[in-house]
Amino acid sequence: MDDEWKEAYIKMKEKWYFIESGASSPAYNMALDEALLDWHSKGEIHPVVRFYEWNPATLSVGYFQKVEKEINLDAVKKHGYGFVRRPTGGRAVLHDKELTYSVIVSEEHPKMPQSVTEAYRVISEGILGGFRNLGLEAYFAVPKTEEEKAGLKNPRSAVCFDAPSWYELVVEGRKVAGSAQTRQKGVILQHGSILLDIDEDKLFDCFKFTNERVRERMQKAFSKKAVAINDLRPERVTIEESKKAFKDGFEKGLDIEFIPLELTEEQNQYIDEIVKRRYANDEWTFRR
């Protein structure tokens, strides 16, 4: 191998798949993330970054959350929201006016640290780049005091955006992206929400509180801790602009080059099987 060719080879960026799956049902969205994890674990596909939206707007709960205790299902139904349990942990998220992303990559990938929090940081470099492409000075939240660290272990509410956790992204001290991660079959699945707009009243309708005063207090505190992109910029960002900004952010932040992933008929059938077996199945959704 001559030196010139060797230099060109070194400069070649690693190729990852990119799939933009559009607005889909809550069950399909979670099933596709799981299917991508399965295919990557078997070596059938490269690492993947996926962008998606939700139809209808959906409340997703974390893998370990207790629905009956924490979620006001009557309000979820009244607002016409979908409802699904994620394969990842964390607290409930209202997926409405947002860009949702997922990253599927092997735990053994040379760029992926073994530590969950450090892997968050590496993957989130792509999200950080996206915010900066939109002219926002985002930075990583790292809890400094023992009290802040303890607060992450024992969150005071069931609402995801209530507080930043390790290496989640904040602008002007308020959380702008919420992410969750699971590791299965030797693969990391991280997915999360990038908020364009947020309706706090509708969000808080979806949770149970001991009384109205507690809800008011928590909602007031929430508005100081979380913020959407369009509350931070003078010009509104469209979903298409955000896709472009974050796609570029991931390519640069992870130093990769995207190639499009087209799903085959066989792959779509596999996704449908996961939908029926798990995410559209009440036994899975309401098991806690």
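Start by selecting Q65 and G62: a polar atom of the Q65 side chain lies 3.0 Å from the backbone nitrogen of G62. Now add A92, whose backbone nitrogen is also 3.0 Å from a polar atom of the Q65 side chain. Both are polar contacts, meaning N or O atoms within 3.5 Å; within protein, one must be able to donate a hydrogen and the other to accept it, and residues adjacent in sequence count only if both atoms are side-chain atoms.

Before moving on, bear in mind that this is a predicted model, where local features need pLDDT of at least 70 and side-chain atom pairs count only at pLDDT 80 or more, while totals for chains, interfaces and linings use all residues. Residues are numbered from 1 along each chain as its sequence is written, and side-chain values use heavy atoms, with hydrogens and water left out.

Zoom out a little from Q65: the residue sits in the loop between β3 (58-61) and α3 (67-70). Helices (H or I, at least four residues) and strands (E, at least two) are DSSP runs, numbered from the N terminus. Q65 has 6% relative accessibility and so counts as buried; the cut-offs are under 20% relative accessible area for buried, over 50% for exposed and partly exposed in between (1.4 Å probe, protein chains only).

Next, select Y101 and F250. Their rings make a tilted aromatic pair, 5.7 Å centre to centre with 45° between the planes. Y101 belongs to strand β6 (residues 98-106) and F250 to helix α9 (residues 239-253), so the pair ties together parts 149 residues apart in sequence. Both Y101 and F250 are buried. Rings of Phe, Tyr and Trp (its six-membered ring) pair if their centres lie within 6.5 Å; planes under 30 degrees apart are stacked, over 60 edge-to-face and the rest tilted. Add F18, F51 and F258 to your selection, and you have a cluster linked by ring pairs.

Then go to W284. The charged end of R278 sits over its ring, 5.2 Å from the centre, and the charged end of R287 sits over the W284 ring too, at 4.8 Å. The test is NZ of Lys or CZ of Arg within 6 Å of the ring centre and within 35 degrees of the ring normal.

Last stop: the open three-stranded sheet, ordered β7-β8-β9 with antiparallel pairing. Its edge strands are β7 (139-141) and β9 (174-175), each pairing on one side only. Strands pair if DSSP finds at least two bridges between them; β7 and β8 (residues 168-171) have three. Pick A141 and you'll find E168 of β8 opposite.
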